Amino acid sequence: MRISLSKSLYTKGLQCHKALWLKKYNKAVLTPPNAATMARFKEGNIVGDLACDLFPGGREIPFKGTTFSQKIALTQEWLDEGLNDIYEATFEYDGVLVMVDMFHKKADGSFEIYEVKSSTEVKDVYRHDASIQYYVLNGLGYNISDVYITILNTDYIRGDALDMQQLFTHEKVTDEVLALQADIPATLGKFRAMLTDRVNEPNIDIGRHCKKPYPCDAIDYCWKQQRNIPEYSVFNIFQMNKNPKSVQLYKEGIVAVEDIPDTMKLTGIQQKKVDAWKAQKGVINKEAIKGLVDSISYPIYHFDFETLGPAIPSLKGMKPYGKYPFQYSLHIEQEDGSLEHKEYLATPGQDPRELIAKRMVEDIPKDACVMAFNVGFEMGIIRTLAKNCPTYADHLMNIHDNFIDLATPFQKGDYWMPEMKGRYSLKVVLPTIVPEMKDAYNDLDGVHNGDDAMRMFVKLGESTDLDEIIKTKTALLEYCKLDTYAMVRILEKLKQLVA
């Protein structure tokens, strides 16, 4: 019996045969997509739907309520009617099922394939995705003149309304797709030979392919269950680049950080991480921490943004995936330790930038000492905000130029504890240096991280239930407020260390 495949299974098999086998025969071991992944899928669907406007007058093969056989039959029926544009056109050849995002018939009777991606660059995996579509359609006898990858145009800046022709750009990949055709039959043969054994999964080791081109949904199974890779391992010390030391050590049977040879050449920060873990003793560089503390002047304005960065720019002046703030929290700390809290949460559906800029310059005076955790993010948002809100640009850029980064001692290894396991995000640092707040984020209702905040703000704009709206607003405000209060407490502990 011929084993059927889809284009998604084909590209999964190209990444890893074992991943394909597990997807077909042992899905139970795979990690289901989390809320952030599902949000990305949803956004990809939005991009795909909008791209259909590039070829107006077409029809979409319905996904729900139809079998694949019915989809194929309906595609053929519409082609027979002379329809020039079909979205999600469905075909099967040689046991491979494909759904073409946009199938366009030209005046000369030839066809074009358009594969739509919610990306700003064409990746190799997209070429393989398009190549299997060409294989199927060419096998069925269609004259395919060209193949395109449709992506979002990074040069596009939205005006008052979306310009679909400028929002998207088509990259012609016909030559690359044709070059890949010769390998496809052999590749399919290898997949099917491997899949004939429904009992024994392929014995494929872990490596760079586990995370490229996509993080595999079998990582927990392959890494933790089968290879017993600890939560903190050599893979946390060394990046998985083209010549990864982590893979070298793994092949030598070394995965635990404490087993890294003392003779191995490490960078300064790597050495600090390894030494701290081996000794199970923290690193506290009081001189460096004192340098940070001494650079502070009062009052301190502890600041944090929450942002959206939609693939489709929803505001004038924004690019695809351009980030803009919808919320901020501000704790103002006086030298005597007294605190004042200010905050802003936008109204969904409105352009929040001008109002946020106005409130920021009211809440934070010029030449103030402004503190954030990983300031690069906040500073980037402020630069964009200043560009889009020229009335407040001078004041905003003054705020921008007076940031102090509270993450610096953790990032540089001047405060390093084994329990941090090589990480230094706010949510890792807080329970380490302020243990009485170890459950602070877990105790929040509904919003526990930045991804949650983005999703909940979008949900806020979709809700019509008053109780739900109030609950969501409260959850967003409490989360952002905790971010800046956490900074207050972390700084307090650092000051105590060097007092």
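Helices and strands are DSSP runs, at least four residues long for a helix and at least two for a strand, numbered from the N terminus. The exercises below concern a predicted model.

**Exercise 1. Backbone exceptions**

Task: State in which element E88 is found and what sign its phi takes.

Solution. Step 1: E88 is found in strand β3, residues 85-93. Step 2: its phi is positive, about 60 degrees, although E88 is not a glycine. Step 3: the relative accessible area of E88 is 23%, and E88 is partly exposed, since this class lies between the cut-offs of 20% and 50%.

A second case may be set beside it. N374, also a residue other than glycine, has a phi near 65 degrees. N374 is placed in the loop between β12 and α15, and at 30% relative accessibility it counts as partly exposed.

Task: Determine which peptide bond joins K212 and P213, and where P213 is placed.

Solution. Step 1: omega is about 5 degrees, and the bond between K212 and P213 is cis. Step 2: P213 belongs to the loop between α8 (184-195) and α9. Step 3: a cis bond also runs from Y298 to P299, with omega near -5 degrees. P299 is found in the loop between α13 (286-294) and β9 (300-308).

**Exercise 2. The faces of helix α12**

Task: Explain why the buried residues of α12 line one face of the helix.

Solution. Step 1: α12 comprises twelve residues, 268-279, and reaches 16 Å from its first C-alpha to its last, close to the 16 Å expected at 1.5 Å a residue. Step 2: Q270, K273, V274, A276 and W277 are buried in this helix. Step 3: viewed down the axis of α12, these buried residues fall within an arc of 165 degrees, and therefore they line one face. Step 4: the general principle is that an α-helix has 3.6 residues a turn, so residues three or four places apart point the same way. Step 5: on the other side of α12, G268 and A279 are exposed.

Task: Identify what the buried residues of α12 pack against.

Solution. The partners are α10 (234-237), β8 (283-284) and β14 (415-416). Just after the helix, Q280 takes a positive phi of about 50 degrees.

**Exercise 3. An aromatic pair**

Task: Classify the geometry of the pair formed by Y232 and W277, and state which parts it ties together.

Solution. Step 1: the structure holds 20 aromatic pairs. Step 2: Y232 and W277 lie 4.7 Å apart, centre to centre, with 70 degrees between the planes. Step 3: an angle over 60 degrees counts as edge-to-face, and this pair is accordingly edge-to-face. Step 4: Y232 lies in the loop between α9 (219-226) and α10, whereas W277 lies in helix α12, so the pair ties together parts that are 45 residues apart in sequence. Step 5: both Y232 and W277 are buried.

Task: Describe where the charged end of K427 sits.

Solution. The charged end of K427 is over the ring of Y441, 4.7 Å from the ring centre. In another such arrangement, R59 lies over the face of W78, at 5.2 Å from the ring centre.

**Exercise 4. The nonpolar core and helix α16**

Task: Name the residues that touch the most other members of the largest nonpolar core.

Solution. Step 1: this core has 74 residues, and within it M360 and I490 touch the most other members. Step 2: helix α20 (residues 466-498) provides the largest share, ten residues. Step 3: leaving aside residues up to four places away in sequence, M360 touches F303, F305, Y328, I382, L385, L396 and I399. Step 4: apart from this core lies another, of 71 residues, among them L30, I113, V234 and V257.

Task: Establish how many of the eight residues of α16 are buried, and what covers them.

Solution. Step 1: six of the eight residues of α16 (393-400) are buried, and the helix is mostly covered. Step 2: the buried residues are A393, H395, L396, N398, I399 and H400. Step 3: their cover includes α14 (353-363), β12 (369-372), α15 (375-388) and β13 (403-405).

How values were computed: Residues are numbered from 1 along each chain as its sequence is written. This is a predicted model: local features need pLDDT of at least 70, side-chain atom pairs count only at pLDDT 80 or more; totals for chains, interfaces and linings use all residues. Side-chain values use heavy atoms; hydrogens and water are left out. The expected span of a helix is 1.5 Å times one less than its number of residues. Buried means under 20% relative accessible area, exposed over 50%, partly exposed in between (1.4 Å probe, protein chains only). The arc is that of the directions from the helix axis to the C-beta atoms. Contact means heavy atoms within 4.5 Å. Rings of Phe, Tyr and Trp (its six-membered ring) pair if their centres lie within 6.5 Å; planes under 30 degrees apart count as stacked, over 60 as edge-to-face and the rest as tilted. A charge sits over a ring if NZ of Lys or CZ of Arg is within 6 Å of the ring centre and within 35 degrees of the ring normal. A nonpolar core is a set of buried Ala, Val, Leu, Ile, Met, Phe, Trp, Tyr and Cys residues joined through side-chain atoms within 4.5 Å.
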